[in-house]
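Student: Got a minute to go through a structure with me? I'd like to poke around a few spots in it.
Tutor: Sure, pull it up and ask away.

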Amino acid sequence: MTAVAPVLRPGRDGDAAGFIAVVSGCWAEYPGCVVDIDGEAPELHALASHCAKRGGQVWAAEADGGVVGLVCTYPRAGGAWEIGKMYVAKPYRGSGVARQLVETAEAYARGHGAARTQLWSDTRFDRAHRFYEKCSYVRSGPLRAVQDKSNTIEFAYAKPLSGIAIERLDAAGAVSAEVPLARILAACVNDGAAVSFLPPLDMERARGFFRKVASAVARGERILLAAWLDGVMVGTLQVDLAMPENQPHRGDVAKMLVHPEARRHGIARAMLARAEAEAVAAGRSVLVLDTREGDLAESLYRSAGWVEAGRIPDYALNADRTPHATVYFYKRVG
Ligand SMILES: CC(C)(COP(=O)(O)OP(=O)(O)OC[C@H]1O[C@@H](n2cnc3c(N)ncnc32)[C@H](O)[C@@H]1OP(=O)(O)O)[C@@H](O)C(=O)NCCC(=O)NCCS
């Protein structure tokens with residue numbers, strides 16, 4: 001930890017030396033990354049003007065009398081804003097300043113009407129990937145090869161930024177969302193949800209579960225949805241498509257989870273509607289799910305047109321290890 005907490009302020013062209021020092025220092029940490037500012041990143045000489053010309057802005061994190069971090073954002077065609085130049089000097093990592101920087105850029109983009117933020121990250125920058133993933137970004141789209149001396153190949157990351165948004169994750173997205181999805185699962189289970197696990201559920205087990213889900217997504221056997229509220233991943237839902245050969249028209253809806261701090265915004269209802277549409281697109285016409293008798297989800301399913309098929313007493317255990325009944329529902333879709 002550092003003695004002085006960094007302070008954020010809008011960046012200036014006069015920050016060039018500080019920006020270049022931070023960026024060069026970060027690149028130098030990775031073997032094969034060649035630092036050629038004049039040849040390959042001349043915009044760093046006047047980054048504030050460069051961003052302003054594109055309708056965006058740069059911020060500097062300042063500490064101990066110098067620049068220790070930076071980030072910028074600017075609009076791209078189609079309503080998405082790019083997050084760029086996200087660098088923090090090594091001694092200041094882990095202090096929360098990176099998160100402050102990216103959230104500042106996101107708030108600016110959101111305030112200017114951005115529906116989505118996206119960014120490119122060198123495939124070698126593994127620490128950055130973990131960071132973006134914690135910030136609810138998911139990998140999406142193809143890799144990009146940059147014609148430069150470092151032979152840079154980049155992953156694309158993106159997320160919806162404003163309001164409630166539901167997206168279906170492909171295998172790359174599912175792998176990159178393992179941590180935020182595991183957080184949601186652990187929070188729900190430790191809050192008493194009846195979704196196959198008993199509390200306490202730690203992150204390792206929760207991540208292991210979503211690793212298996214990602215694998216099923218990669219095999220085309222599962223639909224995985226994620227929900228964001230103002231740029232934070234807060235919900236998830238799955239449809240299991242791996243049915244016996246005499247039930248190719250069926251799907252099982254499972255693990256509808258909304259983080260306890262994000263409830264009553266209509267997220268579950270929106271996920272359910274999207275799951276039904278995705279299941280229809282996957283050729284399914286009968287969906288099945290079950291829920292603990294008396295849970296809030298029961299009324300949601302009824303109001304969303306699901307039909308009760310029956311209930312089974314003593315089906316599973318509550319957090320306090322007493323048994324509870326489970327209600328089965330089905331819905332014809334498409
Ligand atoms: C069930 C759960 C997913 C609902 O998430 P949510 O995003 O808060 O739900 P929504 O805001 O979309 O609410 C949908 C409906 O659920 C019902 N509901 C949800 N929370 C409720 C509450 N606190 N009181 C009464 N009804 C409630 C209502 O019918 C609501 O519709 P309405 O807002 O139009 O009245 C969430 O509580 C959760 O994650 N619980 C733990 C996991 C779980 O039990 N999942 C179900 C597995 S089968």
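Student: Leaving aside neighbours within four places in sequence, which residues is Lys-255 in contact with?
Tutor: Those would be Val-195, Thr-236, Leu-237 and Gln-238. Keep in mind that this is a predicted model.

Student: OK. Where does Lys-255 sit?
Tutor: Lys-255 is in strand E12, which covers residues 250–258.

Student: And is Lys-255 buried or exposed?
Tutor: Buried. The cut-off is 20 or more other C-beta atoms within 10 Å, and Lys-255 counts as buried because 23 C-beta neighbours fall inside that distance.

Student: What about Ile-223, how far is that from Lys-255 in space?
Tutor: C-alpha to C-alpha, Ile-223 and Lys-255 are 11 Å apart, with their positions 32 residues apart in sequence.

Student: Switching to the ligand. Which residues come nearest?
Tutor: There are 21 residues around the ligand, and Ala-193, Arg-263, Ala-268, Thr-291 and Leu-300 come nearest. As for elements, E12 gives two or more residues to that shell, and so do helix H9 (267–281) and helix H10 (296–303).

Student: Which of those gives the largest share?
Tutor: H10, with five residues of the shell.

Student: And how do the shell residues divide into nonpolar, polar and charged?
Tutor: Twelve are nonpolar, five polar and four charged.

Student: Zooming out, what domains does the assignment give?
Tutor: Domain 1 runs 7–160 and domain 2 runs 164–332. Their C-alpha centres lie 35 Å apart. At the contact, nine residues come from domain 1 and 13 residues from domain 2.

Student: Which elements on the domain 1 side give two or more residues there?
Tutor: Helix H5 (126–134), strand E6 (138–139) and strand E8 (153–160). The domain 1 residues that touch domain 2 split into five charged, two polar and two nonpolar.

Student: How many residues are in the largest nonpolar core?
Tutor: That core has 90 residues, and Leu-70, Leu-185 and Met-271 have the most contacts inside it.

Student: Why does that core lie between the domains?
Tutor: Because domain 1 (7–160) and domain 2 (164–332) both give residues to it.

Student: Last one: what does Leu-185 touch, not counting residues up to four places away?
Tutor: Leu-185 touches Leu-201, Ala-206, Phe-209 and Leu-257. Leu-257 takes us back to strand E12, residues 250–258, where we found Lys-255.

Definitions and conventions
Residues are numbered from 1 along each chain as its sequence is written. This is a predicted model: local features need pLDDT of at least 70, side-chain atom pairs count only at pLDDT 80 or more; totals for chains, interfaces and linings use all residues. Helices (H or I, at least four residues) and strands (E, at least two) are DSSP runs, numbered from the N terminus. A residue is buried if 20 or more other C-beta atoms lie within 10 Å of its own, exposed if 12 or fewer, and partly exposed in between; C-beta atoms are placed from the backbone. Two residues are in contact if their C-beta atoms, placed from the backbone, lie within 7 Å. Domain bounds come from an automatic or database domain assignment. Ala, Val, Leu, Ile, Met, Phe, Trp, Tyr, Cys and Pro count as nonpolar, Asp, Glu, Lys and Arg as charged, and the others, Gly among them, as polar. A residue is near a molecule or strand if its C-beta atom, placed from the backbone, lies within 6 Å of it. A nonpolar core is a set of buried Ala, Val, Leu, Ile, Met, Phe, Trp, Tyr and Cys residues joined through C-beta atoms within 7 Å.
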